[in-house]
Structure formats: structure tokens, C-alpha cells
Amino acid sequence: MTPPRAVLVDVGFTLVVCDTEEIATIAGKSAVRVEPEALDAAQAQLHAELQQYSWASHAKSQAPKSGALFFRRLLELSGAVGDLDTAATTIWESHLRRNLWRRPLPGAAEGLASLRGAGVRLAVVSNSEGTVETLLNEIGLGQFFDTIVDSWVVGIAKPDPRIFQLALTRLGIAANEAMMVGDSLVADIQGAEAAGIRGVLIDPFGHHEEATVPRYRSLRDFAIALTGDT
Ligand SMILES: [Mg+2]
């Protein structure tokens, strides 16, 4: 496969997952007891649900509500006991101050480094809450990107094709010279395709065996296929 000039990269469930240790600690402050391991399993289960519902494509004005709902459902799926509404709100407020999606998926950094090494330009296109650039710098992934587009900051969310076009404009690269990698068939793949960009699915939990677009388990596997690096 000839590497494209640029790759646009999603963040949640593509590069990182939630830090479940920290979520368990915050939940504990609201007297909700839950094990990080149960949250890990719930996170994979919630990923499958997220493919059915468009939670992530929230408008800025609705984000606090939909964001707390995400953590409420995560707690519920993990079998947490206690006042889940209060705990979910507390977790969401904490997330707005310091992004909780801070555990890199296996192969994320290696994949980004490999793409950079092949001369591919990289941009983040994320539906987030204004903290994704700080997050990526804190966990050591920010260095790989030429530009970071956070839906909250620019006021456009995936799957709106304009957010992908904005990233391309910043890079000075045409749609047919780029690929978009992400875990959501709607937000990432359909959105990118509407902007004329080829979509590649990252499927960390193996929820999309039926997918008709190229599909990889991790960003590292995608980079290997693209560059031949191992
Ligand atoms: Mg995602």
C-alpha cells in the first residue's frame, strides 16, 4: 500500500481508552464502589453500544448532559452500586478539568511514530471537550501531530464533513491524498467519506467483523500495513 500524504486520526477508542483506575477513585468519592477491572470490561461493552448510538456527535450545548450519560452507563455496565447519577456527574466534571481518556491503547505510540517515520503528516480530528491537545501532550502523543482539531474548540463535530476539511486545510493537503482512521463507522468513516477521504476502521475490541472498509485491530497494525515497518 502506498502511504497517503496525510492521515487524520481519531482519539477515543483509536489512540486511548478511559483511565479506569482514576474513574474508580473518583466514583469512590461519591461512595460508589466499583473495580477498575469491571470498568475495563464495561468499557469494551459500551464501545459496542456506542456504535449504535451517536453519543459522540453531541453539540457543544448538549455535551455536559451526554457526557455524564456516558459515565453513568459505564458505571451501570460495570455493576457499580450506589448513587450512580451523582458519581457520573462528578466523573464528568472531573473529565472537563482533566481529560480521563488518558490510557493509550497498545501500539498507539508505535503506530504514530512509524507513520511519521514514513513521512506521513498527521492530524487529530476528535469529538472532544476542548482538552484533547493538553491530554495528548501530557501522555506523550502530541509530538506526533502537525495539527489537532478538537470539535469543542472549532464548533463542528464529526460526522460533519467540514471538520475533516478543516484538518486538511490546516495541513494544505487534498482529500484524495489523505486517509481517516477511527473506531466509529458513523462519526469517523461515513463522515470522512462524505468529505472525500478514504476511511480506515480501528476495531480494538473486534466488534466489526462485518465491516466493508479496511479494518485493523490497532493503529500499529494499520501503520505496518501502510509502511511495511514491523
Ligand atoms: Mg473514537
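In helix 4, the buried residues (buried meaning under 20% relative accessible area with a 1.4 Å probe, protein chains only) are Leu-84, Ala-87, Ala-88, Ile-91, Trp-92, Ser-94 and His-95. Looking down the axis of helix 4, these buried residues sit within an arc of 160°, so they line one face of the helix; the arc is taken from the directions from the helix axis to the C-beta atoms. This is a predicted model, in which local features need pLDDT of at least 70 and side-chain atom pairs count only at pLDDT 80 or more, while totals for chains, interfaces and linings use all residues. Residues are numbered from 1 along each chain as its sequence is written, and side-chain values use heavy atoms, with hydrogens and water left out.

Helix 4 covers residues 84-97, 14 residues in all, and spans 20 Å from its first C-alpha to its last, close to the 20 Å expected at 1.5 Å a residue (that is, 1.5 Å times one less than the number of residues). At its start, a side-chain oxygen of Asp-83 comes to within 3.3 Å of the backbone nitrogen of Asp-85.

The loops hold some backbone oddities. Helices here are DSSP runs of H or I with at least four residues, and strands are E runs of at least two, numbered from the N terminus. Phe-13, in the loop between strand 1 (6-9) and strand 2 (16-17), has a positive phi near 70° without being a glycine, and Phe-13 is buried at 3% relative accessibility. Ala-31 also is not a glycine, yet its phi is positive at about 60°. Ala-31 lies in the loop between helix 1 (20-29) and helix 2 (36-50) and is exposed at 62% relative accessibility, exposed meaning over 50%. Finally, the Lys-158 to Pro-159 peptide bond is cis, with omega near 10°; Pro-159 falls in the loop between helix 7 (151-154) and helix 8 (161-171).

Methods:
Polar contact = N/O pair within 3.5 Å; in protein donor to acceptor, adjacent residues only side chain to side chain.
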